[in-house]
Amino acid sequence: MNLPLRNIILLVLMLASAGLAVAMRPTNKIADQGPKVELETMIPRAFGVWKEELQPATQIIDPQQKEMLQKIYTQTLSRTFVDELGNRVMLSIAYGEDQRDSVQLHYPEVCYPAQGFVVLSNEIGVLETDSGNILVKRLLTKLGGRVEPVTYWTTLGDQLVQGGLNTKLTQLKFGFRRQIPDGLLFRVSSINQDTESAYAMQQDFVRALITSLSEKDRLKLTGLPANAGQK
């Protein structure tokens, strides 16, 4: 049976498109290039005025939510730090070796409501450090009488990403290089009804933490290169 020329052309185009998709499929995992990320050793247990609280106050965690996060990520780290005045900051980092389009970081806007919190505000902000500025999201969340301001950011590879479009474009860029990016979500929060005070304390905490890191670990954690803070 003879096929019309139009059908033949469409068939050729479909086969070519399928072949191109296979040829362009990412195969090289960034996580396999260079030293492995080890969150437990990357993050010091004491830095600046902060030290890990070995028996932190009870945090509200949904076991099913935690189980799901463990399936999504290669590593997770959760610690509570306290300063000499008794101020507390809760740190959570989730790292995944495969952050292609089909594998998404689980954002606080999603996981907090899943645990019963109400997100009262969701804003983009700038967190200033000596190594450069980090574009962050700041959420104000509440569960009953518990008010918990949150600051977080995400990275793909060694690049800071913010928002759905920026994330998609960065994923495409890695895809054209046939690279599979790793990625992480860095989150700090504190239980504090004074929102501005909480965000200021979180910024001081992050500044102290970043100062304590090696250049390699700082780049992986924040996307800030060694000379980012130089003018």
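This briefing walks through some aromatic contacts, two helices, a pocket and a few long-range neighbours in the structure above. Please keep in mind that the model is predicted. Seven aromatic pairs are found, and one aromatic cluster brings together Phe47, Trp50, Phe81 and Phe205. The second largest pocket has a volume of about 310 Å³, and helix α7 gives the most to its lining.

**Aromatic contacts**

- Within the count of seven aromatic pairs, one is formed by Phe47 and Phe81, whose rings are tilted at 55 degrees between the planes and lie 5.3 Å apart, centre to centre.
- This pair links distant parts of the chain, since Phe47 belongs to strand β2 (residues 46-47) and Phe81 to strand β4 (residues 75-82), 34 residues apart.
- Phe47 counts as buried because its relative accessibility is 5%, under the 20% cut-off.
- Phe81 is also below that cut-off, so at 0% relative accessibility Phe81 counts as buried.
- Phe47 and Phe81 share their aromatic cluster with Trp50 and Phe205.

**Helix α6**

- Helix α6 covers residues 195-211, and its 17 residues should span 24 Å at 1.5 Å a residue; the end C-alpha atoms are 24 Å apart, so the model agrees with the expected span.
- The buried residues of α6 are Thr195, Ala198, Tyr199, Met201, Gln202, Gln203, Phe205, Val206, Leu209 and Ile210.
- Phe205, one of these buried residues, is the member of the aromatic cluster that α6 supplies.
- Tyr199 is another buried residue of α6, and the charged end of Arg138 sits over the Tyr199 ring, 5.5 Å from the ring centre.

**The second largest pocket**

- This pocket, with a volume of about 310 Å³, is lined by 21 residues, and the closest to its centre are Pro35, Val37, Asp158, Lys216 and Lys220.
- The elements that give two or more residues to the lining are α2 (39-42) and α7 (215-222).
- Helix α7 gives the most, with four residues.
- By residue type, the lining divides into eight nonpolar, five polar and eight charged residues.

**Helix α7 and what follows**

- In α7, the buried residues are Asp217, Arg218, Lys220, Leu221 and Thr222.
- Lys220 therefore appears twice in this briefing: Lys220 is buried in α7, with a relative accessible area under 20%, and Lys220 is among the residues closest to the pocket centre.
- Gly223 follows α7 and has a positive phi, near 80 degrees.
- Gly223 and Leu160 lie 63 residues apart in sequence, yet their C-alpha atoms are 4.9 Å apart in space.
- Leu160 is in strand β9 (residues 159-161), and Leu160 is partly exposed because its relative accessible area is 26%, between the 20% and 50% cut-offs.

**Other neighbours across the chain**

- Thr154, in strand β8 (residues 146-156), is separated from Ile93 by 61 residues along the chain and by 9.8 Å between C-alpha atoms.
- With a relative accessibility of 4%, Thr154 counts as buried.
- Thr74 sits in the loop between α3 (63-72) and β4, and a relative accessible area of 43% makes Thr74 partly exposed.
- The C-alpha atoms of Thr74 and Ala94 are 7.8 Å apart, with their positions 20 residues apart along the chain.

Technical notes:
Residues numbered from 1 in each chain as written. Predicted model: local features only at pLDDT ≥ 70, side-chain atom pairs only at ≥ 80, totals over all residues. Heavy atoms only, no water. Phe/Tyr/Trp six-rings, centres within 6.5 Å; stacked < 30°, edge-to-face > 60°. Buried < 20%, exposed > 50% of the residue type's maximum accessible area, 1.4 Å probe, protein only. Lys NZ or Arg CZ within 6 Å of the ring centre and 35° of its normal. Expected span 1.5 Å × (residues − 1). 1 Å grid on protein atoms, 1.4 Å probe; cavity = no way out; pocket = protein on both sides within 12 Å on 5 of 7 lines; lining within 4 Å. Points joined across faces, edges and corners; volume = space filled by probe spheres on them. Nonpolar A, V, L, I, M, F, W, Y, C, P; charged D, E, K, R; others polar.
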